[in-house]
Amino acid sequence: MANKHKKKKVSISTITMVTVLVVFLGLGIFAITQSMTQGNDQAGGKVNINYAGQPSLGDANAPVKLVEFGDYKCPSCKAFHDTVFKQLKQDYIDTGKVQFSFINYQFLGEDSVTAGIAGESIFKQNPQAFWKFYEAIYENQGNEAEKWATPEFLIDLTKKHIPEVNAEQLSKDLNSKAYEKDVLADNRLAESYQVDSVPTIFVNGVKVENSLDYDALKKMIDAELQKK
Ligand code: CA
C-alpha cells in the first residue's frame with residue numbers, strides 16, 4: 001500500500017505531503033475496519049471470540065477458554081472428538097482448567113445445516129443435553145459424501161441416546177427449520193474469525209495449527225495456565 005503511494009511521489013514537496021497524509025489516513029481506516037470486522041487484536045493474531053449463547057462445557061470461570069468450530073459431517077471433527085476431545089475433557093475440562101465451547105461451521109452440504117439445527121434445538125431445550133448430542137452424532141457419523149443427517153435420522157438418534165429431550169419439539173423445529181438462522185449466524189461468526197476449515201480450535205482466542213495434535217494443544221493450554 002505504501003509502495004503504491006510512493007510511486008506517486010513527485011519532486012514538489014506539497015504533493016509529497018499530501019501523499020503521506022493519504023497513506024496515513026488510508027492505513028488508519030484500514031486498521032479500524034480490520035479490527036471492527038474481525039475483532040482482531042493485531043498484536044498477537046489473537047481474536048476476541050464471542051462465546052455468548054453457545055453451548056459450553058466445564059467451569060465458566062476456567063482460566064482457559066477453548067472453542068471448536070465444527071461440522072457434524074466432517075470426518076476430522078469426528079477424529080478430533082474421538083481422540084483429542086476425550087483426552088482434553090479428562091485432563092482439563094473435568095478438572096476446571098478449561099471451558100470448552102462449540103460453534104457451528106456447518107458447510108458440508110444441506111444436511112450439515114439440518115444437523116446444526118438439531119444441535120441448536122436440543123441446546124435450547126436442555127443445555128446439558130447438547131453434549132449428549134455432540135457425543136451421539138460423532139459416534140454415529142455417516143459418510144461425508146452422502147446425505148445422512150436427515151430429520152428422521154436426527155430424531156431417531158435423539159430418541160435413542162437423549163431420552164430427556166422432547167423428540168416432538170425437535171421434530172417441529174427440524175420441519176420448520178426453526179434455528180436455521182442461528183446456524184447461519186454461527187457460520188458467519190466463524191468466517192469473521194477467518195475460519196476456513198473444520199475443526200478449527202482456538203485456545204484463548206489463538207488459532208491452533210493442527211487440531212489433531214494433542215501434545216501441541218496441551219503445550220498451548222499449559223502456557224496459558226502459566227500466565228494466570
Ligand atoms: Ca450456536
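Along the sequence, the donor residues of the calcium ion follow the spacing Q-x65-E-x65-D. Two of these donors tie distant parts of the chain together: glutamate 120 lies in helix α4 (residues 110-125) and aspartate 186 in helix α8 (residues 180-192), 66 residues apart. The model is predicted. In it, the calcium ion is coordinated by Gln54 through OE1, Glu120 through OE and Asp186 through OD. The distances run from 2.2 to 2.3 Å. Are glutamate 120 and aspartate 186 buried or exposed? Both are buried.

Now turn to strand β4, residues 64-70. Six of its seven residues are buried, so the rest of the structure largely encloses this strand. Strand β4 has two pairing partners to look at. With strand β5 (residues 98-104), β4 pairs in the parallel sense over seven bridges. One place to see this is lysine 65, whose bridge partner in β5 is glutamine 99. With strand β6 (residues 200-203), β4 pairs in the antiparallel sense over four bridges. Here leucine 66 stands opposite valine 203 of β6.

How does the helix fit in? Helix α3 (residues 75-93) joins β4 and β5 in a right-handed β-α-β unit.

Lysine 65 deserves a second look. Its charged end sits over the ring of tyrosine 51, 5.9 Å from the ring centre.

Next come the aromatic rings. A pair of such rings is described by the distance of the centres and the angle of the planes. The model has 21 aromatic pairs. Take phenylalanine 85 and tyrosine 134. Their ring centres are 5.1 Å apart and their planes meet at 70°, so this pair is edge-to-face. Phenylalanine 85 belongs to helix α3 and tyrosine 134 to helix α5 (residues 130-139), so the pair links distant parts of the chain, 49 residues apart. Phenylalanine 85 counts as buried because its relative accessibility is 4%, and the cut-off is under 20%. Tyrosine 134 is buried too, with a relative accessible area of 1%.

Tyrosine 134 also forms an edge-to-face pair with phenylalanine 100. The centres are 6.2 Å apart, with 65° between the planes. This pair again links distant parts of the chain: phenylalanine 100 is in strand β5, tyrosine 134 is in helix α5, and 34 residues separate them. Phenylalanine 100 is buried, at 0% relative accessible area.

Finally, step back to the wider group. Ring pairs link Phe85, Phe100 and Tyr134 into a cluster that also includes Tyr72, Phe80, Phe102, Phe123, Phe130, Trp131, Phe133 and Tyr138.

Technical notes. Residues are numbered from 1 along each chain as its sequence is written. This is a predicted model: local features need pLDDT of at least 70, side-chain atom pairs count only at pLDDT 80 or more; totals for chains, interfaces and linings use all residues. Side-chain values use heavy atoms; hydrogens and water are left out. Donors are N, O and S atoms within 2.8 Å of the metal (3.2 Å for Na, K and Ca); water is not among the atoms, so sites may look incomplete. Buried means under 20% relative accessible area, exposed over 50%, partly exposed in between (1.4 Å probe, protein chains only). Two strands pair if DSSP finds at least two bridges between them. A crossover is right-handed if, with the strands pointing away from the viewer, the path from the first strand over the helix to the second runs clockwise. Rings of Phe, Tyr and Trp (its six-membered ring) pair if their centres lie within 6.5 Å; planes under 30 degrees apart count as stacked, over 60 as edge-to-face and the rest as tilted. A charge sits over a ring if NZ of Lys or CZ of Arg is within 6 Å of the ring centre and within 35 degrees of the ring normal.
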